[in-house]
Amino acid sequence: MAVSAVQSIYSSCLALPCKLRNLSLSSYSSASTCSNPAPYRSLSFSANLSHDVFSKGCLSMSTTQKPIGSAVVCQAAPTKKADSAAKRARQAEKRRIYNKARKSEIRTRMKKALEALDVLKKKPDAQAEEVLPIEKLIGEAYSVIDKAIKVGTLHRNTGARRKSRLARRKKAVEIHHGWYTPAPTVNA
């Protein structure tokens, strides 16, 4: 098919919105015209799609090569996301960055408290008063964890597990140095 014939098909397809008020695209397959109809599905016009689709640029047109000649294919495709979807994407990205910063702060504060507890445990001549600054670090970590749970960054069970990890490590250091003696369990 010559280039001028393809151009005339384009111009006639572009003129359709002006001639018809309601158009839509629907697919059909013609088994009688082609021996292998599956890869060559054409689009035909029916009377359901509004004129606005053509005027807003939601249709794209391209030529396809069939075994015999060429044809023009019109495809309906949205040009952009819906406004609500775009807003949801913006909100999700903002929350992701906010949650990432909060989780990073939790990890940093836990790491500082756990490292201070490890140093205190390895220190042979440690005093009971040396645990007070570490308790302040643990309290700050608890506060950050509780705030993260409150705003929904962490699940409450995750927060409880992390707070428990800090408390168990502190108790292990106190038991190691003899500052805390667990009460004996009474079996009845």
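**Three helices and the core between them**

Helices α3 and α5 are roughly parallel to each other, because their axes cross at roughly 10°, and angles under 35 degrees count as roughly parallel. Keep in mind that this is a predicted model. The axes of the pair come within 10 Å. On the α3 side, the contact is made by Ile106, Met110, Ala113, Leu114, Leu117, Asp118, Leu120 and Lys121. On the α5 side, the residues are Arg162, Arg165, Leu166, Arg169, Lys170, Val173, His176 and His177. Sort that contact by class and you get eight nonpolar, two polar and six charged residues.

Now follow α3 itself. It runs over residues 83-122, 40 residues in total, and reaches 59 Å from its first C-alpha to its last, close to the 58 Å expected at 1.5 Å a residue. Its buried residues are Arg102, Ile106, Met110, Ala113, Leu114, Leu117 and Leu120. These pack against α4 (131-151) and α5 (156-177).

Lysine 122, also in helix α3, is another story: it counts as exposed because its relative accessibility is 71%. Its C-alpha atom is separated by 9.6 Å from that of histidine 176, although the two residues are 54 apart along the chain.

Next, look at α4 beside α5. Their axes come within 9 Å and cross at roughly 170°, which means that α4 is roughly antiparallel to α5. From α4, the contact uses Val131, Glu135, Ile138, Ala141, Tyr142, Ile145, Asp146 and Ile149. From α5, the partners are Arg156, Gly159, Arg162, Lys163, Leu166, Ala167, Lys170 and Glu174. The residues of this contact divide into eight nonpolar, one polar and seven charged.

So what do the three helices share? In soluble globular proteins, nonpolar side chains tend to be buried together. Here, the largest nonpolar core has 17 residues, and α3, α4 and α5 each supply at least two of its residues. The largest share, seven residues, comes from α4. Within this core, the residues with the most contacts are Ile106, Leu120, Ile138 and Leu166.

Leucine 166 is a good place to zoom in. Setting aside its neighbours within four places in sequence, leucine 166 is in contact with Met110, Ala113, Leu114 and Leu117, as well as with Ile138, Ala141 and Tyr142. You have met those names already: Met110, Ala113, Leu114 and Leu117 are among the buried residues of α3, while Ile138, Ala141 and Tyr142 are among the α4 residues that make the contact with α5.

Note on methods
Residues are numbered from 1 along each chain as its sequence is written. This is a predicted model: local features need pLDDT of at least 70, side-chain atom pairs count only at pLDDT 80 or more; totals for chains, interfaces and linings use all residues. Side-chain values use heavy atoms; hydrogens and water are left out. Helices (H or I, at least four residues) and strands (E, at least two) are DSSP runs, numbered from the N terminus. The expected span of a helix is 1.5 Å times one less than its number of residues. Buried means under 20% relative accessible area, exposed over 50%, partly exposed in between (1.4 Å probe, protein chains only). Contact means heavy atoms within 4.5 Å. Axes are lines fitted to C-alpha atoms, for helices over the stretch in contact, and angles run from 0 to 180 degrees between N-to-C directions. Angles under 35 degrees count as roughly parallel, over 145 as roughly antiparallel, 65 to 115 as roughly perpendicular and the rest as oblique. Ala, Val, Leu, Ile, Met, Phe, Trp, Tyr, Cys and Pro count as nonpolar, Asp, Glu, Lys and Arg as charged, and the others, Gly among them, as polar. A nonpolar core is a set of buried Ala, Val, Leu, Ile, Met, Phe, Trp, Tyr and Cys residues joined through side-chain atoms within 4.5 Å.
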